[in-house]
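Biologist: Could we go through this structure together, one part at a time?

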Amino acid sequence: MSKETERIEKLKEQIQDIIDSEKKVEPEEDGHVIIVDRKYAYDDVDDGTKVLDTLTDIEEIVEEKEEEKKEEEVPEEPKEEEIKEENPHKKKRKMIIIVSVVLFVLLLIVFLFILFWPKDKTKEVVEREETLTSKEQKEILEDYGKELEKVISNYFEKQKVLLEYEDAHKLVKFDYEVKCKEHEIYKDGKVYLNDCKINQKKTKHSYGEKQEIIEDKDAIHVYVHKTTKKTVLKEPSDIEEYEDYPFHIDGKYQDLTLLSEQDGNYVFYYDENYHVQMKDFKKDEKVFSYIEYTSVLPLKNNGVFDLNYIGINQNGKWAIYNINTSQRITQHIYDSVGESLREGTTGPKLYMETVEAGKLAVMEEGKLG
């Protein structure tokens, strides 16, 4: 029972007690019943008007209160606005459920995709190299090193440039993936390789022999432009545009000269005995090094050096050689060579002048020709 109901019941009891104690009925006078109340007095009148006493009025009030209470206790029907307010929440719950289901399905698809997707090439490579024996690894590295040296040699022959390891590696066509962290490429075209991986797995084997590299602060440099192929002895300001070729000359030298200032390979100079020597600065090698000779003399035609022929003095006798083919054109039979023979000279010659294109003055046993 609610507090309101208890209060009403208690009020009714109190009122009833008051009415019972204070209300009294007077004897009849002149045919009328007189009801005397502390506050009110009512009587039956002849005109038939219904007379109510205080108790009747209170009971009606109590009944009205009870009716009001019942109306309050009856739940009201939800209004249309409240129904509308509930709908968004239901819609949100529904959306959460739908999204959860979709995500679950997507995750399931990804899992199945990964589970049943065929092995990629990387895994195939790993499996392949795991089957390589130590002997096979050594043979593979040997073959790779030889291919690398072949690429370097061919490139140098055509371009006159010694490749770096990374550039040479890109040009090698090989069945296995080979890469080395330690590598040296020497001027003779030989390669040293160490700390290598075959198909991404490290191998203990190495290739070639490591040569001792000595830094020579007195090295001479020739610079060749990467685009124009112009060759200079003096270090250019835009040196990044040039290939740098350091080489060495044993002992003292003077009058260092380029045989060609356009895509040349050779320099010549006086050594400490005033003999003329010539070197291939790109290879850092003396020309015709397989011949034991005293000196050489380049040919000059109308102020331009001949790039094809050179005079070589062996045992006091001169002969003419082809620079490019290393072929000997004449025998070592001439005492002197050069256009200035008729006039006589003072001091050694750095080069010899031709009489005209294709013709050179020579002296043999005191005779000119």
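Modeller: The conversation below covers a strand, a loop residue, a second strand and a pocket. This is a predicted model, in which local features need pLDDT of at least 70, side-chain atom pairs count only at pLDDT 80 or more, and totals for chains, interfaces and linings use all residues. Residues are numbered from 1 along each chain as its sequence is written, and side-chain values use heavy atoms, with hydrogens and water left out.

Biologist: Let us begin with strand E7. Which strands pair with E7?

Modeller: Strand E7 (residues 220-225) is joined to strand E9 (residues 242-247) by six bridges, and the two run antiparallel. E7 also pairs with strand E8 (residues 231-232) in the antiparallel sense, over two bridges. Strands (E, at least two residues) and helices (H or I, at least four) are DSSP runs, numbered from the N terminus. Two strands pair if DSSP finds at least two bridges between them.

Biologist: Which residues face each other there?

Modeller: Val222 has Tyr245 as its bridge partner in E9, and Val224 stands opposite Thr231 in E8.

Biologist: What links E7 and E8?

Modeller: They form a hairpin with five residues between them, and Lys229 in the turn has a positive phi of about 70 degrees.

Biologist: Why is E7 described as largely enclosed?

Modeller: Five of its six residues are buried, so E7 is largely enclosed by the rest of the structure. Buried means under 20% relative accessible area, exposed over 50%, and partly exposed in between (1.4 Å probe, protein chains only).

Biologist: And Pro236, where does that lie?

Modeller: Pro236 is in the loop between E8 and E9. It counts as buried, at 14% relative accessibility. Leaving aside residues up to four places away in sequence, Pro236 touches Tyr223 and Tyr242; contact means heavy atoms within 4.5 Å. Pro236 and His225 are eleven residues apart in sequence, and their C-alpha atoms are 9.5 Å apart in space.

Biologist: A new topic: is Ser295 buried or exposed?

Modeller: Ser295 is buried, with a relative accessible area of 7%. This residue lies in strand E14 (residues 295-301). Beyond residues up to four places away in sequence, its contacts include His275, Gly311 and Trp318.

Biologist: Finally, which helix and strand each supply at least two residues to the lining of the second largest pocket?

Modeller: Helix H5 (134-159) and strand E13 (285-286) each do so.
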